[in-house]
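Work through the exercises below with the model open. Each task is followed by a stepwise solution.

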Amino acid sequence: RLPVSQRKGTALPSYGAVTGAGMQSVLVNIDDTTKWWFISTHVQPTTTQEDGTLAQVRAVEALAKKRAATGNPVVLGGDFNLEPGSPSWNVLVGGSLFDACSANRPMFTFDPELLDQQLDHFFATTDLTVECLGSVKTTASDHLPITATFSPAS
């Protein structure tokens, strides 16, 4: 419902993963003077290394850093297929982003029957705060969608 002034889809290296991996970034005009970057991603584990999401996450973090360098806030979210504390996780929270789901952890999002893994996440630049965070029960996927409301940090 808000105008998008830029958009770019990027395939991530698959390294033999069964399904594709990629990300989509859009610059949304929040109002006449405020623009935010939103990046959505699907990171697909591979079997080529101990942490099979590491190379893909490095590409995602590099794009988030590039978008943050424009001076606009960044929200990154999606199916990362990685758990908090993994080497890939540390790449994401060790750069220009913070874990926007931290106040709700553990926040299990995988396998609606078991709910025993945290694979879906939101990250954001520090010029934003999280107002509301949750997940949505559904049987439409093997992952639960997560929702968040962000506002400018004061």
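A pocket here is an open set of grid points with protein on both sides within 12 Å along at least five of seven lines, and a lining residue has an atom within 4 Å of a point. The model is predicted.

**Exercise 1. Which strand gives the most to the lining of the largest pocket?**

Solution.
- Start with the space: the largest pocket holds about 210 Å³.
- List the lining: Ile-30, Trp-36, Phe-38, Ile-39, Ser-40, Val-75, Leu-76, Gly-77, Phe-122, Ala-148, Thr-149 and Phe-150.
- Sort by element. At least two lining residues come from each of E3, E4 and strand E8 (146–152).
- Pick the top contributor: E3, with four residues.

**Exercise 2. What is the strand order of the open six-stranded sheet, and which strands are its edges?**

Solution.
- Read off the order: E1-E2-E3-E4-E6-E5. The pairing is mixed.
- Find the strands that pair on one side only. These are E1 (4–11) and E5 (98–99).
- Check one pair. E1 runs antiparallel to E2 (residues 22–29), with seven bridges.
- Fix the register: Gln-6 is opposite Leu-27 in E2.

**Exercise 3. Which residues of helix H1 are buried, and what covers them?**

Solution.
- Take the helix first. H1 covers residues 54–68, 15 residues in total.
- Test its span. First to last C-alpha is 21 Å, close to the 21 Å expected at 1.5 Å a residue.
- Apply the cut-off: buried means under 20% relative accessible area.
- Collect the hits: Leu-54, Gln-56, Val-57, Val-60, Glu-61, Leu-63, Ala-64 and Arg-67.
- Identify the cover. It includes the strands E1, E2, E3 (35–42) and E4 (74–79), plus helix H2 (87–93).

**Exercise 4. Which members of the largest nonpolar core touch the most other members, and which element gives the largest share?**

Solution.
- Recall the background: in soluble globular proteins, nonpolar side chains tend to be buried together.
- Take the core of 19 residues. Ile-39, Val-60, Leu-76, Phe-80, Leu-92 and Phe-123 touch the most other members.
- Trace the sources. E2, E3, H1, E4 and H2 each give two or more residues to this core.
- Rank them: H1 has the largest share, four residues.
- Zoom in on Leu-92. Leaving out residues up to four places away in sequence, Leu-92 touches Val-57, Glu-61, Leu-76, Phe-80, Leu-82, Leu-97 and Phe-123.
- Look beyond this core. Another one, of eleven residues, lies apart from it; Val-75, Ala-100, Met-107 and Ala-124 are among its members.

Notes:
Residues are numbered from 1 along each chain as its sequence is written. This is a predicted model: local features need pLDDT of at least 70, side-chain atom pairs count only at pLDDT 80 or more; totals for chains, interfaces and linings use all residues. Side-chain values use heavy atoms; hydrogens and water are left out. Two strands pair if DSSP finds at least two bridges between them. The expected span of a helix is 1.5 Å times one less than its number of residues. Buried means under 20% relative accessible area, exposed over 50%, partly exposed in between (1.4 Å probe, protein chains only). Contact means heavy atoms within 4.5 Å. A nonpolar core is a set of buried Ala, Val, Leu, Ile, Met, Phe, Trp, Tyr and Cys residues joined through side-chain atoms within 4.5 Å. On a 1 Å grid over the protein atoms alone, a cavity is a set of points where a 1.4 Å probe fits but cannot get out, and a pocket is an open set with protein on both sides within 12 Å along at least five of seven lines; lining residues have an atom within 4 Å of a point. Grid points are joined across faces, edges and corners, and a volume is the space filled by probe spheres set on the points.
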